[in-house]
Amino acid sequence: MDILTIESWYILLPAFILFLLALFVGTRKKNYHAIQYFTVITLAIYLLAVIHLVFFPIEVYPGGHE
């Protein structure tokens, strides 16, 4: 039986890119300082690191019952 392993960067990298797009598109008309962006991005990186350490790699055992 083969084991399928899902690495974290397949999920977390696109999630981080979408987060950055949503952050900058959603706040472009507001007047935020650079330190506020830095704080939010740092929090996002921290949360992604925690998710990476807790949940990944994910091992999937495909197939049915034998």
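The legends below accompany several views of one predicted model, beginning with the whole chain and then moving to smaller regions.

**View 1. The whole chain, with its two helices and two strands.** Read from the N terminus on, the elements follow one another in the order β-α-α-β. The radius of gyration of the chain is 17 Å, which is well over the 11 Å that the globule rule gives for 66 residues, so the chain is more spread out than a compact globule. Along its principal axes, the C-alpha trace spans about 60 × 20 × 15 Å. Among contacts between residues at least 6 apart in sequence, 81% join residues that are at least 24 apart.

**View 2. The surface of the chain and the share of its residues that are buried.** The accessible surface of the chain comes to about 5700 Å², and 70% of this area belongs to carbon and sulfur atoms. Of the 66 residues in the chain, 14% are buried.

**View 3. The largest nonpolar core, made up of five residues.** The members of this core are L12, F16, A44, L48 and F56, and the elements that give two or more residues to the core are α1 and α2. One member to look for in this view is L48, which touches both L12 and F16 when residues up to four places away in sequence are not counted.

**View 4. The loop between α1 and α2, with T27 at the centre of interest.** Helix α1 covers residues 9-26 and helix α2 covers residues 34-55, and T27 is found in the loop between these two helices. Is T27 buried or exposed? T27 counts as buried because its relative accessibility is 12%, and the cut-off for a buried residue is under 20%. Leaving aside residues up to four places away in sequence, T27 touches Y32 and Y37.

**View 5. A nonpolar surface patch that includes V50.** The patch has an area of about 810 Å² and is made by L43, Y46, L47, V50, I51, L53, V54 and F55. Among these residues, V50 can be picked out as an example, and V50 is found in helix α2. With a relative accessible area of 34%, V50 is partly exposed, because this value lies between the limits of under 20% for buried residues and over 50% for exposed ones. Helix α2 therefore appears in two of these views, since α2 gives two or more residues to the nonpolar core, while V50 of the surface patch is also found in helix α2.

Definitions and conventions
Residues numbered from 1 in each chain as written. Predicted model: local features only at pLDDT ≥ 70, side-chain atom pairs only at ≥ 80, totals over all residues. Heavy atoms only, no water. Helix = DSSP H or I, 4+ residues; strand = E, 2+ residues; numbered from the N terminus. Buried < 20%, exposed > 50% of the residue type's maximum accessible area, 1.4 Å probe, protein only. Contact = heavy atoms within 4.5 Å. Core = buried A, V, L, I, M, F, W, Y, C linked by side-chain atoms within 4.5 Å. Patch = residues over 30% accessible without salt bridge, like charges linked within 9 Å, V, L, I, M, F, W, Y side chains within 5 Å. Areas by Shrake-Rupley, 256 points an atom, 1.4 Å probe, with all protein chains shown as cover. Salt bridge = Lys/Arg side-chain N within 4 Å of Asp/Glu carboxyl O. Rg over C-alpha atoms; globule rule 2.2 N^0.38 Å.
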